[in-house]
Amino acid sequence: MQRLALLLFCVLLGITIHPIQAGPEENEGVKYADRCEACKVLATELQARLSETGRSHDVIETGYSVNDVKPKKRTEYRRSELRLIDTLENVCERILEYNIHKERKDSTRFAKGMSQTFQTLHGLVDKGVKVDLGIPYELWDKPSAEITQMKTQCESLIEGYEDVIEKWYFEKQDEKPLIEYLCVDNVLKNKNTQCLNETLEEKKEEKEAKKKSNKKKKQDKEEL
């Protein structure tokens, strides 16, 4: 009965569960990020990293002068080349924090946090239901093939468009958002940029469930 319930659940969410003989889940129905999706995630993480490092008001000294006769150049860290180097370093590692949310079909399938699908599957395991995905349980939460591939795509984009990122950082960041300058004007120039406008909208069912949950919490408080 438990296995039947699991199969029905998977059919509803469009998940295919394979027996162990079928091989790792990553090898079944893999859909890698396209160029638009990879650029979108890179721009998002790069902008987030810049936001984290942009709060410092430290001043750094650069340049070299003989006998200190000529004063060194003083630059705010948040406008310095050092900040850009610090930001670009390991920014693609942040992509390994992403997961595939297979219940979504557009670019929002790449997102941080555990997917709704795996939250449910973990919940079933916690209740004693035997769930066979064809891979060991301890590997369920490891980065999927799509995520590790997108990390590689991120590194390639930085290598190929480093001069574009630098130009935006030093000259254009007050004029345009990074995602527009990097992705629309350069990486995806004259190509499909639809994915850049895709955002996660809360589904009607999720809104109703949240509404009911909040109502129940309110009633529980009133009873106390």
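**Fold, salt bridges and surface charge in a predicted model**

Along the sequence, the protein follows the pattern α-α-β-β-α-β-β-α-α-α-α-α. The model is predicted. Its secondary structure comprises eight helices and four strands. The protein has 224 residues, and 36% of them count as buried. Among contacts with a separation of 6 or more, 66% are between residues 24 or more positions apart. The exposed area is about 15000 Å². Carbon and sulfur atoms supply 50% of this area.

The salt bridges were examined next. The count comes to eleven salt bridges. One of them pairs the side chains of Arg109 and Glu37, at 3.2 Å from N to O. This pair links distant parts of the chain, with the two positions 72 residues apart in sequence numbering. Arg109 lies in the loop between E3 and strand E4 (110-112). Glu37 belongs to helix H2. Both Arg109 and Glu37 are buried.

Another salt bridge joins the side chains of Arg94 and Glu52, with an N to O distance of 3.2 Å. This pair, too, links distant parts of the chain, 42 residues apart. Arg94 is in the loop between H3 and E3, and Glu52 is in helix H2. Arg94 has a relative accessibility of 15%, so it counts as buried. Glu52 has a relative accessible area of 40% and is therefore partly exposed.

The side chains of Glu175 and Lys172 also meet in a salt bridge, at 3.9 Å from N to O. Glu175 counts as exposed because its relative accessibility is 57%. Lys172 is at 23%, so it counts as partly exposed. Elsewhere, salt bridges that share partners form one network. Its members are Glu45, Arg49, Glu52, Arg94, Glu97 and Lys112.

Arg109 also appears in the surroundings of Lys31. Lys31 is found in the loop between helix H1 (2-13) and helix H2 (35-53). Its relative accessibility is 49%, so Lys31 counts as partly exposed. With neighbours within four places in sequence left aside, Lys31 is in contact with Lys105, Arg109, Phe110 and Glu146. Lys31 and Ala145 are 114 residues apart in sequence. In space, their C-alpha atoms are 9.0 Å apart.

Charge also gathers on the surface. Glu81, Glu159, Glu162, Asp163 and Glu166 make up a patch of negative charge there. Helix H6 (residues 162-172) contributes three residues, the largest share of this patch. Asp163 has its place in helix H6. With a relative accessible area of 54%, Asp163 is exposed; the cut-off for this class is over 50%.

Backbone angles were considered last. Most residues other than glycine have a negative phi. Asn90 is not a glycine, yet its phi is positive, at about 65°. Asn90 sits in the loop between helix H3 (81-88) and strand E3 (98-100). Its relative accessible area is 53%, so Asn90 is exposed. Asn190 likewise has a positive phi, near 65°. This residue lies in the loop between helix H7 (178-187) and helix H8 (204-223). Asn190 is exposed because its relative accessible area is 78%.

Methods
Residues numbered from 1 in each chain as written. Predicted model: local features only at pLDDT ≥ 70, side-chain atom pairs only at ≥ 80, totals over all residues. Heavy atoms only, no water. Buried < 20%, exposed > 50% of the residue type's maximum accessible area, 1.4 Å probe, protein only. Contact = heavy atoms within 4.5 Å. Patch = residues over 30% accessible without salt bridge, like charges linked within 9 Å, V, L, I, M, F, W, Y side chains within 5 Å. Areas by Shrake-Rupley, 256 points an atom, 1.4 Å probe, with all protein chains shown as cover. Salt bridge = Lys/Arg side-chain N within 4 Å of Asp/Glu carboxyl O. Lys, Arg positive; Asp, Glu negative; His and termini not counted. Charge placed at Lys NZ, Arg CZ, Asp CG, Glu CD.
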